Every structure is written in structure tokens, then in C-alpha cells.
Amino acid sequence: MGELIFRAAESLRLPTSTAVVASSISHFYFSRVGFLDDDFRDIAMGAMFLACKSEETLRKSFEISAVFDYVFKVLEMLLRCLRVRRCR
């Protein structure tokens, strides 16, 4: 989860402090609720949006969702490659 947030923050060219706050928000949420209740993708995007607002690094919600969509697609592609290699 943290790696996804930091990759998205790097793509958005956000300061490290904003990525750390987003990671802390997501960690706080999952320590209270758990991983089974909600999709981690939605929580990661929401945490990044809240971190941008609290740290006053202005990014539009469209930019955040587009970058996370790209990061998730890359992650899924990597996971598919790993699964194909294990099956051989």
C-alpha cells in the first residue's frame, strides 16, 4: 500500500511530506477498519486527496485519480507477468 502511494506521489510530483501524510492516513484507516471491508485502491486515492488538502499541495481530484489508475494498471501488468512465469 505504501509503495503505491509513494509511486503515485512521485508521478504527481508531490513533496515527500504529502506522501508520508497519505501513507499515515491509510495506515490509520486500516488499523481501525481492516483490509476486508473496503478496496485498498479507493482508500489510497482518498488518503492522497486528503493529504494534498491538509498539506496544501493543490492537485485536482481528476489528476489524482488518473495517476492512481495508471499506477494500478502497471501493478496489474506486473502481477500478470509474475503469474505467467510461475506457471511455466
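Me: Helices (H or I, at least four residues) and strands (E, at least two) are DSSP runs, numbered from the N terminus. How many helices and strands are there in this chain?

Reply: There are four helices and zero strands. Read along the sequence, that gives the pattern α-α-α-α. Before we go on: this is a predicted model, where local features need pLDDT of at least 70 and side-chain atom pairs count only at pLDDT 80 or more, while totals for chains, interfaces and linings use all residues. Residues are numbered from 1 along each chain as its sequence is written, and side-chain values use heavy atoms, with hydrogens and water left out.

Me: Fine. What size of box do the C-alpha atoms fill?

Reply: Taken along the principal axes, the box is roughly 50 × 30 × 20 Å.

Me: Let's look at helix pairs. Why are H1 and H2 called roughly parallel, or is it roughly antiparallel?

Reply: Their axes cross at roughly 150° and come within 9 Å. Axes here are lines fitted to C-alpha atoms, for helices over the stretch in contact, and angles run from 0 to 180 degrees between N-to-C directions. Angles under 35 degrees count as roughly parallel, over 145 as roughly antiparallel, 65 to 115 as roughly perpendicular, and the rest as oblique. So H1 and H2 are roughly antiparallel to each other.

Me: And what makes H1 and H3 oblique?

Reply: Helix H1 (residues 2-11) and helix H3 (residues 40-55) pack at about 45°, their axes 10 Å apart. That angle fits none of the named ranges, so the pair is oblique.

Me: Which residues make the contact between H1 and H3?

Reply: On the H1 side they are Leu4, Ile5, Ala8 and Ala9, and on the H3 side Phe40, Ala44 and Met48. Contact means heavy atoms within 4.5 Å.

Me: How do you know what kinds of residue those are?

Reply: Ala, Val, Leu, Ile, Met, Phe, Trp, Tyr, Cys and Pro count as nonpolar, Asp, Glu, Lys and Arg as charged, and the others, Gly among them, as polar. By that rule the contact of H1 with H3 has seven nonpolar, no polar and no charged residues.

Me: What about H2 and H3: at what angle do they pack?

Reply: Helix H2 (residues 16-32) packs against H3 at about 130°, with the axes 8 Å apart. Set against the ranges, that makes H2 oblique to H3. Among the residues that meet are Val21, Ile25 and Phe30 in H2, and Ile43, Ala47 and Leu50 in H3. By class, this contact has 12 nonpolar, four polar and one charged residues.

Me: Now the charged pairs. How many salt bridges does a search of the whole structure find?

Reply: Three. A salt bridge is a side-chain nitrogen of Lys or Arg within 4 Å of a carboxyl oxygen of Asp or Glu.

Me: Why does arginine 7 with glutamate 3 qualify?

Reply: The closest N and O atoms of arginine 7 and glutamate 3 are 2.8 Å apart. That is within 4 Å, so the pair is called a salt bridge. Arginine 7 and glutamate 3 are four residues apart in helix H1, which means they are separated by about one helical turn.

Me: Where do aspartate 69 and lysine 73 lie?

Reply: Both lie in helix H4, again four residues apart, about one turn of the helix. Their closest N and O atoms are 3.4 Å apart, so this pair passes the cut-off too.

Me: And which parts of the chain does the pair of glutamate 76 and arginine 41 link?

Reply: The side chains of glutamate 76 and arginine 41 meet in a salt bridge of 3.2 Å, N to O. Glutamate 76 is in helix H4 (residues 61-87) and arginine 41 in helix H3, so distant parts of the chain, 35 residues apart, are linked.

Me: What makes lysine 73 buried, partly exposed or exposed?

Reply: Buried means under 20% relative accessible area, exposed over 50%, and partly exposed in between (1.4 Å probe, protein chains only). Lysine 73 has 52%, so it counts as exposed. Its partner aspartate 69, at 39%, counts as partly exposed. Glutamate 76 at 28% is partly exposed, and arginine 41 at 31% is as well.

Me: How much of the chain counts as buried?

Reply: Of the 88 residues, 26%.
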